[in-house]
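Student: Please take one part of this model and look at it closely, starting with the enclosed space inside it. I would like the surroundings described as one connected account.

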Amino acid sequence: MASKGSGGMVVAVIIFSLIGFGYLRSQQGYSAAPPAAGDPGTSGGTGRYVALGDSYTSSPRTGKQAGTPAGCDRSDNNYPHLVAASIKPAQFVDVSCSGATTANMTAAQKTTNGTNPPQLDALNSATTLVTLGIGGNDVGFIGLAKECATLNHNSSPCKAKMTAGGHDQLAERIEAAAPKIADVLTRIHARAPRARVIVVGYPTALPDGPGCWPFLPLGADDVAYLRNSEAKLNHMLATQARTHRAGFADTAAPSRGHDMCAKTGTKWVEDLVPTSRAQSLHPNANGERAMANAVLGLAR
């Protein structure tokens, strides 16, 4: 990651990290329980829990490295590990990986340090609980890095570009990602027919209002546009969960007020220069605990 003194590169890194993984707050405001599993035994030393997902699931740097490959940046205190510590399944498998997309559910993912096998390969007929945190990278926010960064708080280059001609490109990308999520959920049920499945939404990263420029170099209209776009993403995930026999764990509502603009000790999402061990612009240990609590509200 770049340092504070690296000027324009810092601006690009901020936006790249923030919107590249697509983790802004949702306006969903609810969690929906999944249908009961065929075998609900996921506590007291029975059952098998499998965690699937991207970097907001793997939680880079919040704890010690867990599992392989090292390039997945998977921590031993991410929300899947916290959930497992609470429900105490007989078996626990975390195959989440930073940078993962829905394609990496069925195809191997090459990282800077090793290759992660297709994540769905971790599922089997003995699986009784599955959590899925995926979709942000599929929307493709990474290409907006340069356009979103601005030194003029009255400028909102992202919204202007992405809604030019009356077409909201982010909304269209979110809509295009919906069948990919649907396909993943269908495949999960096929491979783990007895499992309770929970789709995990994305937590709050941006605050209500205009943001915190120049700390975060996003114009007010772009803050609102990106925040609303991520609300649409979470809504899509919740809809796909509901229509494909899965629960939806809302992590945005409980994390409001704990965004990256909040003070140290209050924020659950780190800013450019982390004040904890977490990676920049990712949930810290407190954020992962909050995500675990949202999942546990449905998994127990």
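**The second largest cavity and its surroundings**

Tutor: The lining of the second largest cavity consists of Asp54, Tyr56, Thr57, Tyr79, Gly133, Val200, Gly201, Tyr202 and Met291. This is a predicted model, and the description below should be read as such. The space in this second largest cavity comes to about 30 Å³. Sorted by class, its lining has 5 nonpolar residues, 3 polar ones and 1 charged one. The charged residue is Asp54.

The search covered the whole structure and found 2 cavities of 30 Å³ or more. The other one is the largest cavity, with about 50 Å³ of space. Around this largest cavity stand Pro203, Thr251, Ser255, Trp268, Val269, Pro283, Gly287, Ala290 and Met291. Met291 therefore belongs to both linings. Helix H10 gives the most to the lining of the largest cavity, namely 3 residues. By class that lining has 6 nonpolar and 3 polar residues, and no charged ones. The second largest cavity, by contrast, has 1 charged residue in its lining.

Gly133 leads from the second largest cavity to strand E5, which spans residues 129–133. This strand is mostly covered, with 5 of its 5 residues buried. Leu129, Thr131 and Gly133 point one way from E5, while Val130 and Leu132 point the other way. Both sets are buried.

E5 has paired strands to describe as well. Strand E1, residues 48–53, pairs with E5 in the parallel sense over 5 bridges. Within that pairing, Val50 stands opposite Val130 of E5. E5 also pairs with strand E6, again in the parallel sense, here over 4 bridges. The bridge partner of Leu129 in E6 is Arg196. Strand E5 is thus paired with E1 and with E6.

Disulfides are the next feature, and the structure holds 3 of them. Numbered in sequence order, the bonded cysteines pair as 1-2, 3-4, 5-6.

Cys72 and Cys97 are joined by a disulfide with an S to S distance of 2.0 Å. The angle about the S-S bond is -85°, and this link is left-handed. It connects distant parts of the chain, 25 residues apart: Cys72 is in the loop between helix H2 (55–58) and helix H3 (79–87), and Cys97 is in the loop between strand E2 (91–94) and strand E3 (109–111). Cys72 has a relative accessible area of 0%, so it counts as buried. Cys97 is buried too, with a relative accessible area of 0%.

Cys148 and Cys158 form another disulfide, with their sulfur atoms 1.8 Å apart. This link is left-handed, with -115° about the S-S bond. Cys148 lies in helix H5 (residues 145–148) and Cys158 in helix H6 (residues 157–162), so the bond ties together parts that are 10 residues apart in sequence. The relative accessible area of Cys148 is 0%, which makes it buried. For Cys158 the value is also 0%, and this cysteine is buried.

The remaining disulfide is formed by Cys212 and Cys261, whose sulfur atoms are 2.0 Å apart. With -60° about the S-S bond, it is left-handed. The two cysteines are 49 residues apart and link distant parts of the chain: Cys212 is in the loop between strand E6 (196–200) and helix H8 (220–243), Cys261 in the loop between helix H9 (252–255) and helix H10 (285–299). Buried means under 20% relative accessible area. Cys212, at 17% relative accessibility, therefore counts as buried. Cys261, at 25%, counts as partly exposed.

One contact between separate stretches of the chain completes the account. Glu175 lies in helix H7, which covers residues 169–191. At 59% relative accessibility, Glu175 counts as exposed. The C-alpha atom of Glu175 is separated by 7.6 Å from that of Met236, although these residues are 61 residues apart along the chain.

Key
Residues numbered from 1 in each chain as written. Predicted model: local features only at pLDDT ≥ 70, side-chain atom pairs only at ≥ 80, totals over all residues. Heavy atoms only, no water. Disulfide = S-S within 2.5 Å. Buried < 20%, exposed > 50% of the residue type's maximum accessible area, 1.4 Å probe, protein only. Pairing = 2+ DSSP bridges. 1 Å grid on protein atoms, 1.4 Å probe; cavity = no way out; pocket = protein on both sides within 12 Å on 5 of 7 lines; lining within 4 Å. Points joined across faces, edges and corners; volume = space filled by probe spheres on them.
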